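Here are some exercises to work through with the model open in your viewer. Try each task before you read its solution.

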Amino acid sequence: CAPGSYHAVTAFFSLLLLHRADFVSALQRIKTMLKAPSYFVLSMVEGDGDYFEATFLGQSLHFSCYPRDILTRLLEDLSFTVLD
């Protein structure tokens with residue numbers, strides 16, 4: 001997708017399926033897709049783990065999570081304004 005294409009991007013429990021090593025680059029890519037004024041809505045599982053296995057709705061999957069303060073800092077370091 002072309003840079004500056006969207007006023008809003010949502011990621012509802014999708015980025016948690018990435019390894020932590022890929023998380024910041026995904027956020028950077030999302031940032032380039034936004035044009036002002038814009039919103040990025042992110043939902044994650046709060047915790048502290050990198051690509052660990054869990055069962056969800058009877059299916060085995062891997063996911064990563066961050067404590068709220070670290071996730072907030074990652075977003076703010078990329079110039080996102082965290083509203084909640």
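Is Glu 46 buried, partly exposed or exposed? Glu 46 has a relative accessible area of 49%, so Glu 46 is partly exposed; the classes are buried under 20%, exposed over 50% and partly exposed in between, with a 1.4 Å probe and protein chains only.

A word on the ground rules: this is a predicted model, where local features need pLDDT of at least 70, side-chain atom pairs count only at pLDDT 80 or more, and totals for chains, interfaces and linings use all residues. Residues are numbered from 1 along each chain as its sequence is written, and side-chain values use heavy atoms, with hydrogens and water left out.

**Exercise 1. Find the salt bridges and say what they link.**

Step 1: set the rule. A salt bridge is a side-chain nitrogen of Lys or Arg within 4 Å of a carboxyl oxygen of Asp or Glu. By that rule you should get two salt bridges.

Step 2: take Glu 46 again. The Glu 46 side chain meets that of Arg 68 in a salt bridge, at 3.1 Å from N to O. Glu 46 sits in the loop between β2 and β3 and Arg 68 in helix α2, so this pair ties together parts that are 22 residues apart in sequence. Helices here are DSSP runs of H or I with at least four residues, strands are runs of E with at least two, and both are numbered from the N terminus. Arg 68 counts as exposed, at 52% relative accessibility.

Step 3: find the other pair. Asp 48 and Arg 20 join their side chains in a salt bridge of 2.7 Å, N to O. Asp 48 is in the loop between β2 and β3, Arg 20 is in helix α1 (residues 20-33), and the two are 28 residues apart.

Step 4: check accessibility. Asp 48 is exposed at 60%, while Arg 20 is partly exposed at 24%.

**Exercise 2. Work out which side of α2 faces inward.**

Step 1: list the buried residues of α2. You want Leu 71, Leu 74 and Leu 75.

Step 2: look down the axis. These leucines span an arc of only 95 degrees, which puts them on the same side of α2; the arc is taken from the directions from the helix axis to the C-beta atoms. The general rule helps here: an α-helix has 3.6 residues a turn, so residues three or four places apart point the same way.

Step 3: flip to the other side of α2. There, Asp 69 and Asp 77 are exposed.

Step 4: see what the buried residues meet. They pack against α1 and β2, where contact means heavy atoms within 4.5 Å.

Step 5: go past the helix end. Ser 79 follows α2 and has a positive phi, near 70 degrees.

**Exercise 3. Describe the two largest pockets.**

Step 1: get the terms straight. On a 1 Å grid over the protein atoms alone, a cavity is a set of points where a 1.4 Å probe fits but cannot get out, and a pocket is an open set with protein on both sides within 12 Å along at least five of seven lines; lining residues have an atom within 4 Å of a point. Grid points are joined across faces, edges and corners, and the volume is the space filled by probe spheres set on the points.

Step 2: start with the largest pocket, at about 630 Å³. Its lining has 22 residues, and those closest to the centre are Phe 40, Leu 42, Leu 75, Val 82 and Asp 84.

Step 3: ask who supplies the lining. β2 (34-43) and α2 (68-77) each give at least two residues, and β2 gives the most, with seven.

Step 4: sort the lining by type. The largest pocket has 13 nonpolar, five polar and four charged residues. Nonpolar covers Ala, Val, Leu, Ile, Met, Phe, Trp, Tyr, Cys and Pro; charged covers Asp, Glu, Lys and Arg; the others, Gly among them, are polar.

Step 5: repeat for the second largest pocket, at about 160 Å³. Its lining includes Phe 13, Leu 16, Val 45 and Phe 63. β3 gives the most to this lining, with three residues. The split is eight nonpolar, one polar and no charged.

**Exercise 4. Place His 19 in its surroundings.**

Step 1: locate His 19 in the loop between β1 (6-12) and α1. His 19 is partly exposed, at 36%.

Step 2: list its contacts. Leaving out neighbours within four places in sequence, His 19 is in contact with Asp 50, Tyr 51 and Ser 64.
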